[in-house]
Amino acid sequence: MANTAAAAATAEGIDPRSGYCAATRTFHSLRSASTGALPPESLPVTAAAYAFSLLASPLPDRPALVDAATSIAVSYPSFLAAVRSLAGGLWSSLGLRPGDVALVVAPSRLDVPVLHFALMSIGAVVSPANPASTPEEYAHQVALSRPVVAFAAPEVAAKLPGHLRCVVLGSDAYTRLASAGAGSAPPPVAVKQSDTAAVLYSSGTTGRVKAVAITHRNLIALICAHAENRERVAAEATEAGEEPPPPAVTLLPLPLFHVFGFMMVLRSVSMGETAVLMERFDF
């Protein structure tokens, strides 16, 4: 398989040693693609819907999320209900539509994953940003991703550009929005897997911050990789006459505006596991 992948890479002008393509100035993986578990690319589905589709029925009886500071836990039924209710409010009250970008600026709190999943579920684009950024940095990020609305923690809202519509997390307006769709879900949306699901920002270590687009297909492939690994581990345990390992409880000091934290929560929910969120790392 490795030789086949290397030969194909060479034929496409990709360096078989590094994966670099001089024509496109892009690095490619030299590993053989594993697409067996992926849904057909023509199937319209969001990353949020795909993650929920992998959950057991009835839903897991363990928490989906736990706040490390307060020990408040959100069960899977409560998490899905909150996502659907907020998605309905985003659609009917705020008027968000597929392709609309929403800036999310907040520490790692329980309502942030709910907001991320709700936005993706209606085809809106999640754009998480560092709550420690400066007003100048936010202005640059807004110019890059062109959001139609921002959702911000109270301590951050004043730093955002004045022309950008802002909903403060935890405010009465946000509470009304989160409950607006409790009685009616948004209509089904035809979102292509190739559509953008999230726009994240580079750290700016070697220059100005850049916006990085991630598609629903990118996120679905990530979920599939973890699902395949889980099935492999379970099969190996069964073959050895052992019980498969129980669902993991993962402590997440990772910020949810970072690609690592963003994707780890998506992975944890799709696997039916428990993510314990820390607002900031404290050894």
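**Pocket lining**

I started with the helices around the largest pocket of this predicted model. Two of them, α7 (216–239) and α8 (259–270), each put at least two residues into its lining. I checked which helix gives the most, and α7 does, with 5 residues. For the volume of the largest pocket I noted about 430 Å³. Its lining runs to 20 residues, and those closest to the centre are R230, P245, P247, M271 and E273. I also wanted the chemistry of that lining: 12 residues are nonpolar, 4 polar and 4 charged.

**α7 against α8**

Since both helices turned up in the pocket lining, I looked at how they pack. My reminder to self: a packed pair of helices is described by the angle between the axes and the distance between them. For α7 and α8 the axes come within 10 Å and cross at roughly 55 degrees. That angle falls in neither the parallel nor the perpendicular range, so I filed the two helices as oblique to each other. The crossing of α7 past α8 is right-handed. On the α7 side, I listed L219, L222, I223 and H226 as making the contact; on the α8 side, F262, M263, L266, R267 and S270. By class, I have this contact down as 6 nonpolar, 2 polar and 1 charged.

**The cavity**

Next I asked myself how many cavities of 30 Å³ or more there are. The count is 1. I put about 50 Å³ next to the largest cavity. Which residues line it? I wrote down P113, H116, F117, M120, L256, G261, F262, V265 and L266. Helix α4 (111–121) and helix α8 each give at least two residues to this lining. No charged residue is in it; the split is 7 nonpolar and 2 polar. I flagged F262 and L266, which are in the cavity lining and also on the α8 side of the contact with α7.

**α3 against α4**

With α4 on the page, I went to its packing with α3. The two axes come within 8 Å and cross at roughly 55 degrees. That makes this pair oblique. As for handedness, α3 passes α4 in a right-handed crossing. From α3 I noted F79, A82, V83, L86, A87 and L90, which meet P113, V114, L115, F117, A118, L119 and S121 of α4. I sorted the contact residues by class and got 12 nonpolar, 1 polar and no charged. P113 and F117 got a mark in the margin: they belong to this contact and they line the largest cavity too.

**α3 against α6**

I then followed α3 (residues 76–92) to another partner, α6 (residues 172–180). Their axes are 5 Å apart, and the packing angle is about 105 degrees. With 65 to 115 degrees as the range for roughly perpendicular, that is why I wrote this pair down as roughly perpendicular. The α3 residues S85, L86, G89 and L90 meet Y174, L177, A178, S179 and A180 of α6. This contact has 6 nonpolar and 3 polar residues, and no charged ones. I noticed that L86 and L90 of α3 are in this contact as well as in the contact with α4.

**Backbone oddities**

Last, I went through the backbone. Which residues does a cis peptide bond join? S57 and P58, with omega about 0 degrees. I located P58 in the loop between α2 (47–53) and β3 (63–67). The other entry is R25, a residue other than glycine with a positive phi, near 55 degrees. I placed R25 in the loop between β1 (20–21) and β2 (26–27).

Definitions and conventions
Residues are numbered from 1 along each chain as its sequence is written. This is a predicted model: local features need pLDDT of at least 70, side-chain atom pairs count only at pLDDT 80 or more; totals for chains, interfaces and linings use all residues. Side-chain values use heavy atoms; hydrogens and water are left out. On a 1 Å grid over the protein atoms alone, a cavity is a set of points where a 1.4 Å probe fits but cannot get out, and a pocket is an open set with protein on both sides within 12 Å along at least five of seven lines; lining residues have an atom within 4 Å of a point. Grid points are joined across faces, edges and corners, and a volume is the space filled by probe spheres set on the points. Helices (H or I, at least four residues) and strands (E, at least two) are DSSP runs, numbered from the N terminus. Ala, Val, Leu, Ile, Met, Phe, Trp, Tyr, Cys and Pro count as nonpolar, Asp, Glu, Lys and Arg as charged, and the others, Gly among them, as polar. Axes are lines fitted to C-alpha atoms, for helices over the stretch in contact, and angles run from 0 to 180 degrees between N-to-C directions. Angles under 35 degrees count as roughly parallel, over 145 as roughly antiparallel, 65 to 115 as roughly perpendicular and the rest as oblique. A crossing is left-handed if the near helix is turned anticlockwise from the far one by less than a right angle, and right-handed if clockwise. Contact means heavy atoms within 4.5 Å.
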